[in-house]
Amino acid sequence: MSSTPRKRLTGEERRAAILDSALTVFSRRGYHASSIDDIAQEAGVSKALIYEHFVSKQDLYAELLEQHAGELFSALAEAISEAGRDASARLAVGFDAFYGFVEEHRVAWRMLFREATDPEAVMVLDRITAEVTAFVAGVIREDPGSRRGADDEARREHGVQVMAQLLVGAVQSLANWWAEHQELPRELIVEMTMDFAWLGLQRLTRGERWQTSGS
């Protein structure tokens, strides 16, 4: 009786398999309750083999963050590049790509982007959030309407940065909530986000500003 020999994995394939197993374990147990032993058992390999690829559990977690952040950036960049120059279309497809990532990677989003508590993981997550915010600021900055109503370039740039912070904070918060409310379709989430974001941006680019009752 002959048996088919098992395919020997390359180093990159083994690394990817360990990462997949780590995500499974983290989603099941949570980061702090998980151990390298658990990940090794899930992957069907020895602890020593894991340590050949990753120096620690924190290193594994950080790699997962980087991996999924890269996928998110790629999805955003591709969607926006295909949307043309219309600011509304670029914003809408950007939101759709972002929520599409959350929808397709709910476990990864919840475990990596929402429940990160380890100081090293939080530092990585903060850097990723800053990169997303810079990306959004670049999209806003390219809109000719963002040049209206600004007394000088410095004031305009401050406005761009503030709006990017507001948008990213609001969208991230909604994504956290939506991850637990799967009954709402993505199309509705995108539509409501555009109601919130685009209508406000549109009024700002027309030069409208909030004023107190005494102004």
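Let me start inside the protein, with helix α7, which gives eight residues to the lining of the largest cavity, the largest share that any element contributes. Please keep in mind throughout that what we are looking at is a predicted model. The space in that largest cavity comes to about 320 Å³, and 22 residues line it, of which L76, F98, V132, V136 and V168 are the closest to its centre. Besides α7, the elements that give two or more residues to this lining are α4, α5, α6, which spans residues 106-114, and α8, which spans residues 153-178. If we sort the lining by class, we find 18 nonpolar residues, three polar ones and one charged one. As for how many cavities of 30 Å³ or more there are, the count comes to one.

Now let me step back to the chain as a whole. The secondary structure consists of nine helices and zero strands, so that reading along the sequence simply gives α-α-α-α-α-α-α-α-α. The chain has 215 residues, and 40% of them count as buried. Its accessible surface is about 12,500 Å², with 52% of that belonging to carbon and sulfur atoms. Turning to contacts, if we take those between residues at least 6 apart in sequence, 66% of them join residues that are at least 24 apart.

Next, the salt bridges, of which the structure holds eight; I will go through three of them. In one, E63 pairs with R15, and the closest N and O atoms are 3.2 Å apart. This pair links distant parts of the chain, since E63 sits in helix α4, residues 57-81, and R15 in helix α1, residues 11-29, with their positions 48 residues apart. Are these two partners buried or exposed, and how far? E63 has a relative accessibility of 26% and therefore counts as partly exposed, whereas R15, with a relative accessible area of 19%, is buried, because the cut-off for that class is under 20%.

Another salt bridge joins R186 to D96, with the closest N and O atoms 3.0 Å apart. Here R186 belongs to helix α9, residues 186-205, and D96 to helix α5, residues 87-104, so the pair ties together parts of the chain that are 90 residues apart in sequence. D96 is partly exposed, at a relative accessible area of 30%.

The third one brings us back to α7, where the side chains of R127 and E131 meet at 2.7 Å, N to O. Both of these residues lie within that helix, which covers residues 119-142, and they are four residues apart, or about one turn of the helix. R127 is partly exposed, with a relative accessible area of 34%, and E131, at 33% relative accessibility, is partly exposed as well. The pair also belongs to a network of salt bridges that links E66, R127 and E131.

Finally, a single residue in helix α2, which runs over residues 36-43, and that residue is I36. What does I36 touch, once we leave out residues up to four places away in sequence? The list is K47, I50, Y51, S56, K57 and L60. I36 is buried, with a relative accessible area of 8%. As for distances, I36 and A48 are twelve residues apart in sequence, and their C-alpha atoms are 9.8 Å apart in space.

Technical notes:
Residues are numbered from 1 along each chain as its sequence is written. This is a predicted model: local features need pLDDT of at least 70, side-chain atom pairs count only at pLDDT 80 or more; totals for chains, interfaces and linings use all residues. Side-chain values use heavy atoms; hydrogens and water are left out. Buried means under 20% relative accessible area, exposed over 50%, partly exposed in between (1.4 Å probe, protein chains only). Contact means heavy atoms within 4.5 Å. Accessible areas come from the Shrake-Rupley method with a 1.4 Å probe; for residues, only the protein chains shown count as cover. A salt bridge is a side-chain nitrogen of Lys or Arg within 4 Å of a carboxyl oxygen of Asp or Glu. On a 1 Å grid over the protein atoms alone, a cavity is a set of points where a 1.4 Å probe fits but cannot get out, and a pocket is an open set with protein on both sides within 12 Å along at least five of seven lines; lining residues have an atom within 4 Å of a point. Grid points are joined across faces, edges and corners, and a volume is the space filled by probe spheres set on the points. Ala, Val, Leu, Ile, Met, Phe, Trp, Tyr, Cys and Pro count as nonpolar, Asp, Glu, Lys and Arg as charged, and the others, Gly among them, as polar.
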